[in-house]
Amino acid sequence: MPKSAAVSLKITSVGNSEVGKSCLIKRYCEGRFVKRYISTIGVDYGVKKLTVKDVPVSINFFDLSGNEDYKLIRTEFYEDTNGIMM
């Protein structure tokens, strides 16, 4: 049986500042909890690699800052998004 091609997904986080978007992504991707608040400047990135039914899957998280100062930057990262985390 031929092996299935790897799957890559893009998930974009959106929401207000200081609600825990970055903490959730760090916890899921790296298995660690960030104890102190560090504001996301523009965009941060996380990746989680796993296997589902013998198919390699790469989930790419684009962690967008909720700060209004980065509103114009955020819109560029919505393209080709497979899912949104609010």
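Strand β1 (residues 7-13) runs parallel to β4, and three bridges tie the two together. Here strands are DSSP runs of E with at least two residues, helices are runs of H or I with at least four, and both are numbered from the N terminus; two strands pair if DSSP finds at least two bridges between them. One link to look at is Ser13, whose bridge partner in β4 is Met85.

This is a predicted model, where local features need pLDDT of at least 70 and side-chain atom pairs pLDDT 80 or more, while totals for chains, interfaces and linings use all residues. Residues are numbered from 1 along each chain as its sequence is written, and side-chain values use heavy atoms, with hydrogens and water left out.

Zooming out, four strands make an open, mixed sheet ordered β2-β3-β1-β4. β2 (43-52) and β4 (83-85) are its edges, each pairing on one side only.

Now the pocket. The largest pocket is an open set of points on a 1 Å grid over the protein atoms alone, where a 1.4 Å probe fits, with protein on both sides within 12 Å along at least five of seven lines; lining residues have an atom within 4 Å of a point. Its lining has 22 residues, with Ser22, Cys23, Tyr37, Ile38 and Thr40 nearest the centre. α1 (21-30) and β3 (55-64) are the elements giving two or more residues to that lining, and α1 gives the most, with four.

| Class (members) | Lining residues |
|---|---|
| Nonpolar (Ala, Val, Leu, Ile, Met, Phe, Trp, Tyr, Cys, Pro) | six residues |
| Charged (Asp, Glu, Lys, Arg) | seven residues |
| Polar (the others, Gly among them) | nine residues |
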